[in-house]
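Please look through this model with me before you read on. My notes come as numbered points, in short steps.

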Amino acid sequence: MTVGQNINLTCAAYGIPPPVVFWTKDNVMTIIPGSITRNGGNTTFVVSIEAIKVSQYGVYRCQANNSEGTALSYPSYITGNTEIVIITTTLIAFDVRRTQS
């Protein structure tokens with residue numbers, strides 16, 4: 001992947017009630033354009049970074065919140081140089097719901 005290409009980061013969260021999902025960049029809540037799909041208690045948030053620039057390199061994490069708690073994903077790293085972009089990520093899917101006692 002090279003600078004100037006589009007990147008999608010996907011986060012899937014499950015919770016009752018359905019969680020509010022957002023992304024952070026370098027530990028700061030960031031408004032990043034994306035699309036949210038809800039199906040029952042499942043929420044999927046796909047972030048689209050168009051024409052990636054070096055200034056957008058960083059550590060991205062997905063966070064899901066509802067009345068039962070907060071969950072934070074493993075980080076996705078976008079790094080590289082002025083010509084090549086490297087994305088390091090793991091599967092981002094987690095649960096935010098009350099545990100049965």
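The points below go from the whole chain to single residues.

1. **Status and overall make-up.** Keep in mind that this is a predicted model. The chain has ten strands and zero helices. Read from the N terminus, the order of elements is β-β-β-β-β-β-β-β-β-β.

2. **Inside and outside.** The chain has 101 residues, and 33% of them are buried. About 6,100 Å² of the chain is exposed. Carbon and sulfur atoms supply 55% of that area.

3. **Contacts along the chain.** Take the contacts between residues at least 6 apart in sequence. Of these, 61% join residues at least 24 apart. Several of the points below give examples of residues that are distant in sequence.

4. **The nonpolar core.** Which residues have the most contacts inside the largest nonpolar core? They are Leu9, Val21, Trp23, Val47, Ile49, Tyr60 and Ile78, in a core of 16 residues. At least two core residues come from each of strand 1 (7–15), strand 2 (20–25), strand 5 (42–49) and strand 6 (58–66). Strand 1 gives the largest share, with four residues. As background, nonpolar side chains in soluble globular proteins tend to be buried together.

5. **Strand 5 has two faces.** Its side chains alternate along the strand. Thr43, Phe45, Val47 and Ile49 point to one face and are buried. Asn42, Thr44, Val46 and Ser48 point to the other face and are not buried. Two of the buried residues, Val47 and Ile49, were named above among those with the most contacts in the core.

6. **Strand 1 beside strand 5.** These two strands pair in the antiparallel sense, over eight bridges. Leucine 9 stands opposite valine 47 of strand 5. Both Leu9 and Val47 are on the list of core residues with the most contacts.

7. **Valine 21.** This is another residue from that core list. Which residues does valine 21 contact, leaving aside neighbours within four places in sequence? They are Cys11, Ala13, Thr43, Phe45, Cys62, Gln63 and Ala64. Two of these partners, Cys11 and Cys62, lead to the next point.

8. **The disulfide.** The whole structure holds one disulfide. It joins cysteine 11 and cysteine 62, with the sulfur atoms 1.9 Å apart. The angle about the S-S bond is -75 degrees, and the link is left-handed. Cysteine 11 sits in strand 1 and cysteine 62 in strand 6, so the pair links distant parts of the chain, 51 residues apart.

9. **Are the two cysteines buried or exposed?** Cysteine 11 has a relative accessible area of 0%, so it is buried. Cysteine 62 also counts as buried, because its relative accessibility is 0%. The cut-off for buried is under 20%.

10. **The salt bridge.** There is one salt bridge in the structure. It joins the side chains of aspartate 26 and lysine 25, at 3.2 Å from N to O. Aspartate 26 counts as partly exposed, because its relative accessibility is 38%.

11. **Isoleucine 84.** Where does isoleucine 84 lie? It is in the loop between strand 8 (76–80) and strand 9 (85–88). With a relative accessible area of 44%, isoleucine 84 is partly exposed. Its C-alpha atom is 6.0 Å from that of methionine 1, although the two are 83 residues apart along the chain. Beyond neighbours within four places in sequence, isoleucine 84 contacts Met1, Thr2, Tyr57 and Thr79.

How values were computed. Residues are numbered from 1 along each chain as its sequence is written. This is a predicted model: local features need pLDDT of at least 70, side-chain atom pairs count only at pLDDT 80 or more; totals for chains, interfaces and linings use all residues. Side-chain values use heavy atoms; hydrogens and water are left out. A salt bridge is a side-chain nitrogen of Lys or Arg within 4 Å of a carboxyl oxygen of Asp or Glu. Buried means under 20% relative accessible area, exposed over 50%, partly exposed in between (1.4 Å probe, protein chains only). A nonpolar core is a set of buried Ala, Val, Leu, Ile, Met, Phe, Trp, Tyr and Cys residues joined through side-chain atoms within 4.5 Å. Contact means heavy atoms within 4.5 Å. Accessible areas come from the Shrake-Rupley method with a 1.4 Å probe; for residues, only the protein chains shown count as cover. A disulfide is a pair of cysteine sulfur atoms within 2.5 Å. Two strands pair if DSSP finds at least two bridges between them.
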